[in-house]
Amino acid sequence: MTRKEYERPLIRKLETGMPGKFGMRNDLNPKTHIDEVAVSDLVRKYGSPLFVFSEETIVQTLNKAKRAFTTRYPRVQFAWSYKTNYLDSICRIFHREGAWAEVVSGFEYEKALNNQVDGKKIIFNGPDKSREDLQMAIKNDSLIHIDHLDELYELVDLAGELNSKPKVAIRINLDTGIYPQWDRFGFNLENGQAWDAINKIMHSGKLELTGLHCHIGTFISSTGAYGIAAAKLAQLAIDIRNKYKFAIKYLDLGGGFVSRNTLKGSYLPGPDVNPTFDDYAEAIATSLHNSGFETQELPLLILETGRALIDEAGYLISTVLANKRLASGSRSTVIDAGVNLLFTSFWYDHKILPAQPFSQYFEETLLCGPLCMNIDVIRNSINLPLLKKGERIVIFSTGAYNITQWMQFITMRPAVVLISSSGEPHVIRKREGRDNPGLMEQIPGFLELNK
Ligand SMILES: *Cc1c(COP(=O)(O)O)cnc(C)c1O
């Protein structure tokens, strides 16, 4: 029989009040398993820290999103936003489930080709497309979303050179009541830039205007803003039809839906107050049905949702390195995952649970990463039980943007594991070592050391 661990006695103020309007929260069970696989086994096998993705959660989340839209609108297509998480295994799950690809660079474009996405189902966004990138996209018959006039002119030029009629859409920025407005991408609707681009495309005769696109921001919790965006794009498409007797094939409303995460400083937890796919779908579909389209001419609705489709499927497991008292007397716990791996901790109060049973003694804790940097804080203030050196925690909803924006800094980046729907863990990105090819260092002759 093992002896019970001693814990020092603690006097704690009784927190009787302050339930939210949804009552008191009690997420008081340890997160010992992810999709039936023990956290302790994962760490033993693949090390710590460790990113873990759940295929089951990805598929379920995508199905929820699809259902929300297809039950309200007849023609819907999702396109997976590569920059949100472009690990090939993750992209392939989305493609297998029917999503197209949405890319914003030549690198991402080639990744999509490598994942065997049909060129016609690749949407090429962003301000940075080289002439070679555009050539590649034209040859593959992809959907090129024009960001600025320089790109428009280059495309007209390339269309002549390649003797083909590229399929294009224009990115439009517009006032939806969300400020600051993202007006650095695409053409502004209200000041006439969008019409200027449309007229140039139509009069050139060289490009096929297939769609209208907007992406109003990210983590936008106002569903009304999407209703406005959808109404304005629909009206523009109808005006184009009336002026040029020409039907726009699709309206692409971009991404930006919130995940379940809780934004820093928000009063109530994200899962209780964040809009759901149904809320967004209702706002968008209502606008489109209320617009002047005849039922049979309703355009295809494309959604480039990134964050909301992958955040909940990703976990970050981390190990406690140390506990200490700050000068103020409050507790600080140091873990082996820092902001270089979890940059979203600057925006969110990530939900965090211990991975093993714990005592009832909770204390407000500053949860720090391992970097020798004062900014390396995962949670400024979180109620945690005493965690001992070597114990694990699980950080929730880390699947969006962290894998694409993490930095190799001070330490090497950890492995990424995917738990398949059948419950098997698979490494989908190896843990980096000193031989990390990403380091790419070279020593000039004059700094060679004598052997
Ligand atoms: C980043 C991006 C997305 C995905 O945005 P989320 O906020 O992750 O949903 C979609 N479309 C474009 C053009 C983007 O730049």
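**Exercise 1. Glu 161 and its partner**

Work out how Glu 161 counts at 48% relative accessibility: buried, partly exposed or exposed.

*Solution.* Step 1: take the cut-offs, which are under 20% relative accessible area for buried, over 50% for exposed, and partly exposed in between (1.4 Å probe, protein chains only). Step 2: Glu 161, at 48%, therefore counts as partly exposed.

Before going on, a word on the model. It is predicted, so local features need pLDDT of at least 70 and side-chain atom pairs count only at pLDDT 80 or more, while totals for chains, interfaces and linings use all residues. Residues are numbered from 1 along each chain as its sequence is written, and side-chain values use heavy atoms, with hydrogens and water left out.

Step 3: look for the partner. Glu 161 makes a salt bridge (a side-chain nitrogen of Lys or Arg within 4 Å of a carboxyl oxygen of Asp or Glu) with Arg 131, and the closest N and O atoms are 2.7 Å apart. Step 4: place both ends. Glu 161 sits in helix α6 (residues 149-162) and Arg 131 in helix α5 (residues 131-139), so that distant parts of the chain, 30 residues apart, are linked. Helices and strands here are DSSP runs, numbered from the N terminus: H or I of at least four residues for a helix, E of at least two for a strand. Step 5: check the partner's surface. Arg 131 has 24% relative accessibility and counts as partly exposed.

**Exercise 2. Two more salt bridges**

Which parts of the chain does the pair of Asp 349 and Lys 264 tie together?

*Solution.* Step 1: the two side chains meet in a salt bridge, 3.4 Å from N to O. Step 2: Asp 349 is in the loop between β14 and β15 (352-354) and Lys 264 in the loop between β11 (250-252) and α9 (270-273), so parts 85 residues apart in sequence are tied together. Step 3: Asp 349 is partly exposed at 25% relative accessibility, and Lys 264 is partly exposed at 32%.

Now treat Glu 363 and Arg 325 in the same fashion.

*Solution.* Step 1: their side chains form a salt bridge with an N to O distance of 2.7 Å. Step 2: because Glu 363 lies in strand β16 and Arg 325 in strand β13, this pair ties together parts 38 residues apart in sequence. Step 3: Glu 363 is buried, with a relative accessible area of 17%, whereas Arg 325 is partly exposed at 43%. Step 4: salt bridges with shared partners also join Arg 131, Glu 154, Asp 157 and Glu 161 into one network. A search of the whole structure gives 22 salt bridges.

**Exercise 3. The neighbours of β14**

Which strands pair with β14, and in which sense?

*Solution.* Step 1: strands pair if DSSP finds at least two bridges between them. Step 2: β13 (residues 314-325) pairs with β14 in the antiparallel sense over five bridges, with Ala 322 opposite Val 334. Step 3: the turn completes a hairpin with five residues between the strands, and Gly 329 there has a positive phi of about 95°. Step 4: β16 (residues 362-368) pairs with β14 in the parallel sense over four bridges, where Thr 333 stands opposite Leu 367.

Next, describe how far β14 is covered on its two faces.

*Solution.* Step 1: side chains in a regular strand alternate between the two faces of the sheet. Step 2: Arg 331, Thr 333 and Ile 335 on one side, and Ser 332 and Val 334 on the other, are all buried. Step 3: that agrees with the count for β14 (residues 331-335), five buried residues of five.

**Exercise 4. Cysteines and a cavity**

How many disulfides does the structure hold?

*Solution.* Step 1: a disulfide needs a pair of cysteine sulfur atoms within 2.5 Å. Step 2: the structure holds zero disulfides. Step 3: for Cys 372, the nearest cysteine sulfur belongs to Cys 368 and is 11 Å away. Step 4: Cys 372 is exposed at 75% relative accessibility, while Cys 214 is buried at 1%.

Finally, find which residues line the largest cavity.

*Solution.* Among them are Arg 171, Trp 182, Phe 185 and His 215. A cavity is a set of points, on a 1 Å grid over the protein atoms alone, where a 1.4 Å probe fits but cannot get out; lining residues have an atom within 4 Å of a point.

Key: On a 1 Å grid over the protein atoms alone, a cavity is a set of points where a 1.4 Å probe fits but cannot get out, and a pocket is an open set with protein on both sides within 12 Å along at least five of seven lines; lining residues have an atom within 4 Å of a point.
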